[in-house]
Amino acid sequence: MNPEASKGTSLQNGAGAGAEAEAPCKKRPDYLEWPEYFMAVAFLSAQRSKDPNSQVGACIVNQENKIVGIGYNGMPNDCNDDLLPWARSSSDWLDTKYPYVCHAELNAIMNKNSADVKGCTMYVALFPCNECAKLIIQAGIKDVIYLSDKYHDKKEFTASRRLLDMAGILYKQFEPKRNKIVIDFNSIDGSKTHEHTAGPVAP
């Protein structure tokens with residue numbers, strides 16, 4: 001047999017064996033799917049809220065899976081939130097946060113970066129109250145994805161469902177595939193030594 005031919009065959013076999021031994025590079029399986037991503041954005045934006053009891057965020061998404069609005073609960077622009085009350089209860093209603101605070105849904109709609117939000121989907125941590133339902137209807141949002149419905153039996157939320165049903169706006173509860181999403185600023189450098197879990201504090 002020709003020695004050169006034998007050598008060439010040996011090299012080819014060696015290269016083939018190496019190629020077979022090398023595992024193919026595939027995409028990672030644990031990436032965030034769109035619904036998880038959008039709800040996580042809502043939860044992350046909630047961390048901007050200064051409310052000591054309830055941090056709620058909302059994220060509005062168009063039909064192309066592009067974010068067109070983000071908001072969280074807080075006091076109105078140009079109103080000093082150090083001078084306004086944050087209490088949940090008081091002998092005087094005017095000394096509670098409720099007459100003053102803007103909900104996440106309102107701020108997400110007002111913060112839109114598109115001409116409008118008609119036909120869009122809203123991801124929000126809590127089921128919208130009746131006042132937010134009015135805004136959602138007037139803005140033309142087509143459906144609402146919420147995580148918690150813990151105030152289901154309160155009158156404001158009964159009214160909200162009534163309005164949303166009459167307007168034909170779909171709403172459904174988000175079912176997460178994981179309990180938490182960790183934001184690790186050190187992961188970009190290949191280390192995972194500090195963890196911060198983004199999520200709102202329960203009211």
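Two exercises with worked solutions follow, both on a predicted model.

**Exercise 1. Determine how helices α4 and α5 are oriented towards each other, and which residues make their contact.**

Step 1. Two packed helices are described by the angle between their axes and the distance between the axes. For α4 (residues 130-139) and α5 (residues 155-167), the axes come within 8 Å and cross at roughly 20°.

Step 2. Since angles under 35 degrees count as roughly parallel, α4 is roughly parallel to α5; the crossing in which α4 passes α5 is right-handed.

Step 3. On the α4 side the contact is made by N130, A133, K134, I136 and I137, and on the α5 side by E156, A159, S160, L163, L164 and A167. Sorted by character, the residues of this contact comprise 7 nonpolar, 2 polar and 2 charged.

**Exercise 2. Work out the strand order of the open sheet, its edges, and the helix α2 that packs on it.**

Step 1. The 5 strands are arranged in the order β2-β1-β3-β4-β5, and their pairing is mixed.

Step 2. The edges are taken by β2 (67-72) and β5 (170-173), each of which has a single partner strand, so that one side of each lacks a neighbour in the sheet. Neighbouring strands are turned against each other by 15° on average, direction ignored.

Step 3. Within the sheet, β3 (residues 121-126) and β4 (residues 143-148) pair in the parallel sense over 5 bridges, and Y123 has I145 in β4 as its bridge partner.

Step 4. Helix α2 (residues 34-46) packs on the sheet, where it touches β1 (57-61), β2, β3 and β4, and its direction makes about 140° with that of β1.

Note on methods: Residues are numbered from 1 along each chain as its sequence is written. This is a predicted model: local features need pLDDT of at least 70, side-chain atom pairs count only at pLDDT 80 or more; totals for chains, interfaces and linings use all residues. Side-chain values use heavy atoms; hydrogens and water are left out. Axes are lines fitted to C-alpha atoms, for helices over the stretch in contact, and angles run from 0 to 180 degrees between N-to-C directions. Helices (H or I, at least four residues) and strands (E, at least two) are DSSP runs, numbered from the N terminus. Angles under 35 degrees count as roughly parallel, over 145 as roughly antiparallel, 65 to 115 as roughly perpendicular and the rest as oblique. A crossing is left-handed if the near helix is turned anticlockwise from the far one by less than a right angle, and right-handed if clockwise. Contact means heavy atoms within 4.5 Å. Ala, Val, Leu, Ile, Met, Phe, Trp, Tyr, Cys and Pro count as nonpolar, Asp, Glu, Lys and Arg as charged, and the others, Gly among them, as polar. Two strands pair if DSSP finds at least two bridges between them.
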